[in-house]
Amino acid sequence: MSLAAVEIARGVAPQAHPAPARIALLGTGTVGSAVLSRLVSWDASPLGRRVQLVHVANSRHAVSDRSGLAPGEATQRLALAPQASSIEAVDAALHGDGVRVVVDATASEIVAERHAHWLAQGIHVATACKIGQGTSLSRWHAIRAASAVGHAGYGDSATVGAGLPLLRSLRELRAGGDRIHAIAGVLSGSLAWLFNNYDGMRPFSALVRQARDAGYTEPDPRDDLSGEDVRRKLLILARAAGVELDADEVSVTSLVPPELAILSKEALDGALPALDTPLRERFAAAYKRGEKLRFIARLQDGRAKVGLESLPGNHPLAGGAGTDNRVAIWSDRYPSQPLVIQGPGAGAEVTAAGLLDDVLRLAR
């Protein structure tokens with residue numbers, strides 16, 4: 001029996017329910033697939049009535065249906081779709097009135113370049129991609145301006161901390177008149193796992209291989225070890241805290257030595273032991289002082305840096321386990337003992353949940 005029929009049987013006038021937000025999902029990799037799975041779990045719940053999937057695309061194919069796509073069938077329909085993937089197809093699928101949301105589960109520069117265009121058209125964007133707000137300051141300004149012009153929201157909770165309330169906390173503190181003095185944190189789930197598990201005895205290169213094979217790092221672990229991903233996350237946090245840094249204003253100390261940086265991806269695995277001696281020496285020095293190695297992003301006095309640090313064992317950022325992100329915020333309200341936010345900073349499920357939390361918020 002429908003909800004309207006139930007209300008009539010009770011003698012209550014049926015309530016008009018708002019039309020669902022129409023969603024275009026871009027990316028069907030690890031995170032995109034987790035988004036689809038979460039939408040399937042909503043089918044029998046009130047949440048399922050608030051959203052309608054109308055377009056799904058990856059780098060090869062796209063499928064659209066303005067009457068709605070069943071999330072559980074989307075991957076199969078996409079595999080059979082004759083339609084090649086096209087960024088313009090998103091606009092066509094979302095054309096019309098009502099609430100419209102692009103869910104960006106890609107790591108695509110092309111898609112990130114389109115964020116401002118969609119926002120200016122009144123289409124909300126929920127994204128896990130850091131390329132939009134974590135690269136050039138000019139693109140960050142363009143996204144903010146387009147959001148204002150189109151009266152559209154930009155959901156970025158999943159870009160830093162896989163949906164942990166980091167950006168929301170910073171913005172709410174500032175909205176309440178607080179001033180952010182400093183931010184420091186472990187922002188990479190993969191690097192957190194590496195240094196939570198490194199004991200100075202097992203070769204660091206073996207741990208990197210284990211993390212890569214378990215999916216904790218990118219297929220090329222240099223993408224994580226270089227610190228470039230952390231740079232983008234720190235830029236997003238800094239800008240949310242009111243410090244409008246450009247990308248080249250973040251100092252990054254990479255863990256990748258020059259002889260590894262120049263190798264092809266195919267030649268990398270055999271050369272990973274070049275990491276072992278430098279990391280063993282740094283671990284031994286920290287151990288003698290009773291300290292722990294952590295890969296830290298730090299913003300203070302308008303300056304930002306990213307790199308490996310040796311921290312006292314009781315430091316707010318020295319704890320954590322697994323892939324936990326751990327971020328400390330010092331402000332007028334928290335001048336000496338910082339506000340610390342901790343939780344899983346990597347994983348498809350938590351990232352997908354953060355994306356869809358933003359979708360529901362934007363749909364309201």
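Here is a walk through a predicted model, going from an annotated stretch of the chain to its nonpolar cores and then to its salt bridges.

Let's start with something from a database. An unreviewed UniProt entry lists residues 27–147 as "domain: Aspartate/homoserine dehydrogenase NAD-binding". In the model, that stretch is 43% helix and 16% strand. If you find its two end C-alpha atoms, you'll see that they are 22 Å apart.

Now look inside. The largest nonpolar core has 48 residues. Within it, Leu 194, Phe 195, Phe 204 and Leu 225 touch the most other members. Which helix gives the most to this core? That's helix H11, residues 228–240, with seven residues. Pick out Phe 204 and check its surroundings: leaving aside residues up to four places away in sequence, it touches Leu 194, Phe 195, Tyr 198, Leu 225, Leu 275, Asp 276 and Leu 279. Apart from this core lies another one, made of 30 residues, and Val 35, Val 51, Ala 352 and Leu 355 are among them.

On to the charged side chains. The model has 17 salt bridges in its count. One of them joins Arg 77 and Asp 65, with N and O 3.8 Å apart. Arg 77 sits in helix H3 (residues 71–80), while Asp 65 is in the loop between strand E3 (62–64) and H3, so the partners are twelve residues apart in a pair that links distant parts of the chain. Arg 77 has a relative accessible area of 33%, so it counts as partly exposed.

Next, try Arg 333 and Asp 178, whose closest N and O atoms are 3.7 Å apart in a salt bridge. These two are 155 residues apart along the chain. Arg 333 is in the loop between strands E11 (324–331) and E12 (339–344), and Asp 178 is in the loop between helix H7 (166–175) and strand E7 (180–186). Are the partners buried or partly exposed? Arg 333 is partly exposed at 46% relative accessibility, whereas Asp 178 is buried at 8%.

For another pair, go to Glu 309 and Arg 298, where the closest N and O atoms are 2.7 Å apart. Glu 309 belongs to strand E10 (residues 303–312) and Arg 298 to strand E9 (residues 291–300), so this salt bridge ties together parts that are eleven residues apart in sequence. Glu 309 is buried, because its relative accessible area of 16% is under 20%. Arg 298, at 17%, counts as buried too.

Finally, salt bridges can share partners: Arg 209, Arg 212, Asp 213 and Asp 269 are joined into one network that way.

Methods
Residues numbered from 1 in each chain as written. Predicted model: local features only at pLDDT ≥ 70, side-chain atom pairs only at ≥ 80, totals over all residues. Heavy atoms only, no water. Salt bridge = Lys/Arg side-chain N within 4 Å of Asp/Glu carboxyl O. Helix = DSSP H or I, 4+ residues; strand = E, 2+ residues; numbered from the N terminus. Buried < 20%, exposed > 50% of the residue type's maximum accessible area, 1.4 Å probe, protein only. UniProt positions renumbered as here; feature names shortened; annotations may be inferred. Core = buried A, V, L, I, M, F, W, Y, C linked by side-chain atoms within 4.5 Å. Contact = heavy atoms within 4.5 Å.
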